[in-house]
Amino acid sequence: MPNPFQPLQNALRTLVENAQVLPATGQAVVDMVTPDLEEIYDQRTTGEATIHNVCETDARSLYRPVRPIPRSEEHGFRYFVDGSARTYFIGTVLEQDRSTPVQISQVGAAIVRREDDGRIRVADSRRTILLTLEKSQVSEPLWQALEHALVGVPGYTLCDSATNNRYADAIGLQEPRPRGAHRANWHMRELEIELARSLPRANDEWLVVDGSLGNEFETWRGAPLVGVAKTFRRDSRFELGTGPRARKINLFGLLKDLQENQRTIVFPRNNESKIVFWYVRIRPQKHLDYPLMGVVKVEMPNPDRGPVDSHLVDRISGWLVAERRVSPYGRDGRWHAHLYPIYIAEQVICSQFYSEEVLKSGIQWPF
Amino acid sequence: MTRQMSNPIGRGSATESDPNTSEKFKFWIRPGQMVNPFDIVAAEHFPAEGGDEPSYTFGLVTNIRHITDAASHLANFISNDFGEEVDEAPQTPRQGANVAEAAVLSNSADIYMPVQNESRVYFADEDKIHLALGIDGIPQERRVPAGLIQMSNGTQAVAYLDRHFVLGPEAGHVNISGISGLATKTSYAMFLIQSLLQTGPEDEIAVILLNVKYDDLLRIHEPRRLSDEERRQWQQLGLKPEPWPTDRVHYLLPWGKHTQTTGRPNSFADPPPPHKAYAYPLRETVSKLDLLFSDIPDPTGTLSSIIGEVMTGVGGNEIAWRAVQTWDDLLTKPPLVQQGIPQKFRNIQPSSVGRFLRLLRRIVKTRQSGIFVPQLSARMTTVEREISNIQGGHTYVVDIARLAPEEQTLVFGDVLRTVYGLYSGESLPFDTYEPPKKVIIFVDELNKYAPARGHGETSPILEQVLDIAERGRSFGMILFSAQQFLSAVHERVTGNSATKVLGRTDSAEINAGNYRFLDPDIRNHLTRLEQGELILSHPIYRQPVKIRFPRPPYQQGRAQK
């Protein structure tokens, strides 16, 4: 097999010839993103923690029973999208008194389709390799030379860690190396959104997006979709109604009484209701360690901002509860809230990544 | 018969922890595709030096594993609502694959690099099965049909043996093992003998069959009704479904206690086939006297001394032994007995002579079935006489089914000793008779005559069997043997059998060391073989194969009923 990273050699040579390079000790080193990134992003981007309204047609109770709806009865969720990103630090470039880490990221996203018999096939996927530097820390001629070196090289993208990095911006990250890793994750999210938007689907073929829906979906009027988040902000408070019967409750209080096969009432995200959300318990509490385990947060675009049809939410929740079989227990720490088809989509992408051994051997600074 | 290679059934799979090697490779199987152990597959491989077309590495499927992404059984339990849900199918079936493991047979371009990851894998067609097993290298005139290989996709191929590796000179002997009834050992031996006779110069081969059970082999000249399917199988193999020609089968049945009055031999056959009755008077038996005592422990060698004296004295017609003409004479008259009392003979004590006489009396008088007679009458013959006149293309069935164990040993040993004398040049010919080039001797329950024993333990019959097994091939004597348990037979006999055939075997037996030549997965498969299915190991084949063979075209006597 030829070296898959050969196309990168021109860019690395450009860096070596035009600046001083301090290679990473022991070749490439994995750079991680912040743990609970989704939860923090959810916290920072979904506005007020306190919710004052509900947003569904039948809002008589805080909890509603949900009946599991297997695909043999109604096959709602047909598509599932997820992505993955791995970032490696390969060295530091010094130019004059400026410096920037150089990182390589393997980023990808896959969308899988579930057939009538339950079997999964890959509907579409995207994969790219990012060469990430902080653009402001290198001279314009060097940046242009790097761009030139990667022109016409398919599958490789030069990336500035300082710009278009909303994860890092949301959590206030300043360190350049973590910013590079978060930039790759943001790129992954962009690939997921691109896949979700581009794949043609019928109106009864729902798509499940892994994690919270970004603001990009506030005006979504395409084929139906929901975002299903395994981890979500925990500082939410719900102050519902007024007067002596008003309820004030925090997230833990809300979810501790959420029983198996139940969902919460639907709430608006922000006060604009362009995206609504609710919680569904997909696994019984008695088998889990903690009230928040076994619960997913479901988000759905609501561009018309009106109350959502309760029966539709019941159906969606029923589909979700049925998704508890099977689970990636033992493969993922978040198994209790992980949807298995999403896990498969993630595996599809990860299986396309080059192994760390290949990456370490394939990327050599041309000194 | 042949079904061409069509669509790939999967692709080669090599992982970090489970790599492919020059000996084995794995491939995942396309969903919905049926593959079974013993299927022969072809994996695309590097082209031969200077060529463009891919070569093929052939493999024998030895096992198939189903893997899933479940980290543990607990994961599956939890995935079914913590064990609460057992009826409904899961919303998304767990990701899994069937992965087959194949033992490398050969490569079409002699490339033994491991099968590469993602290599396309196909079912082999008949030509490729022959290529895989090495059958393509057997000259046409030496090919002996040995059964049908049937694969999961319906492909069938004839498994051929190399005549030179069955009848010599390259290798020889056939040994068949398996549980009685299910392994169809006798039927297979007979099928193979028919195949050898039909596909070669039959006049060069004589066959001696020992009938050890009921009248199994006493009706082989009588046709049996076969179904169209059974006839089709015979045709596929290129053989004629015909019984033995009546004029070329000779039955030797034992003389019995009542044969003199009833005219019926001591046989299960009812009515008996056209036959000659054999018997053992003392004078014609004395040279084989040692065979009668094969199972008697003789740690000090005293018994052999007496037997040696009797064989020399009576056989050499020495003066002291002239009065001894019959078995009764030997038991009651001098030199061994006088007035009913055992005598000291040479340096052998009377007590030892007494023991010899007691044992002999039990065998030839008390428990005898009738074959030990005072003299031969005109209606009797001897096995030695008949066997020493065997003709090529003729089959001799020697019935020993109703004989006592010592008698069976005597007859079998007599056959072996006579044949060995004919072929080894030990006996001096006085006429122009020439034995056929090859003689096949088939015996079931070989463990009775050549049991697995501790090192150094031996017996006259065992020595006779070992002689045939180790040196017989070079003289043209080929042993076809069968037994229930391979481990129960002397390893020098089974070790010298170049072709081994295994039928259904029980699980305790397959753990014996004798089965080490089989891949562990194939070994386990022995416990699941169906009636009529056999595992065939032949020097030409790189791995044993599973075969089926058609039902016999002759009557099988009581076994058939």
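1. Two residues are in contact if their C-beta atoms, placed from the backbone, lie within 7 Å. By that criterion, in what is a predicted model, the contact between the chains takes 19 residues from chain A and 19 residues from chain B. On the side of chain B that touches chain A, eight of the residues are nonpolar, six are polar and five are charged.

2. Turning to the fold of chain B, six of its strands form a closed barrel, in which the order is 1-2-5-4-3-6 and the pairing is antiparallel. From one strand to the next, the twist averages 40 degrees.

3. Within chain B, strand 2 (residues 24-29) and strand 5 (residues 96-107) run antiparallel and are joined by six bridges; B:F25 stands opposite B:A102, the latter belonging to strand 5 of chain B.

4. Helix 2 of chain B, residues 126-133, lies across strand 3 (40-47), strand 4 (54-68) and strand 5 of that chain, and with respect to strand 4 of chain B the helix runs at about 90 degrees.

5. As for the interior, the largest nonpolar core has 150 residues, and those with the most contacts inside this core are B:I193, B:I208, B:V397, B:V398, B:V415, B:V439 and B:I441. A second core, separate from the largest one, has 96 residues, among them A:V33, A:L37, A:V298 and A:L320.

6. One residue to inspect in the largest core is B:V398. Leaving aside residues up to four places away in sequence, B:V398 touches B:I208, B:L210, B:N211, B:L252, B:V383, B:V411 and B:V415.

Conventions:
Residues numbered from 1 in each chain as written. Chains lettered and ligands numbered in written order. Predicted model: local features only at pLDDT ≥ 70, side-chain atom pairs only at ≥ 80, totals over all residues. Core = buried A, V, L, I, M, F, W, Y, C linked by C-beta atoms within 7 Å. Buried ≥ 20, exposed ≤ 12 C-beta atoms within 10 Å, placed from the backbone. Pairing = 2+ DSSP bridges. Helix = DSSP H or I, 4+ residues; strand = E, 2+ residues; numbered from the N terminus. Axes fitted to C-alpha atoms, helices over the stretch in contact; angles between N-to-C directions. Nonpolar A, V, L, I, M, F, W, Y, C, P; charged D, E, K, R; others polar.
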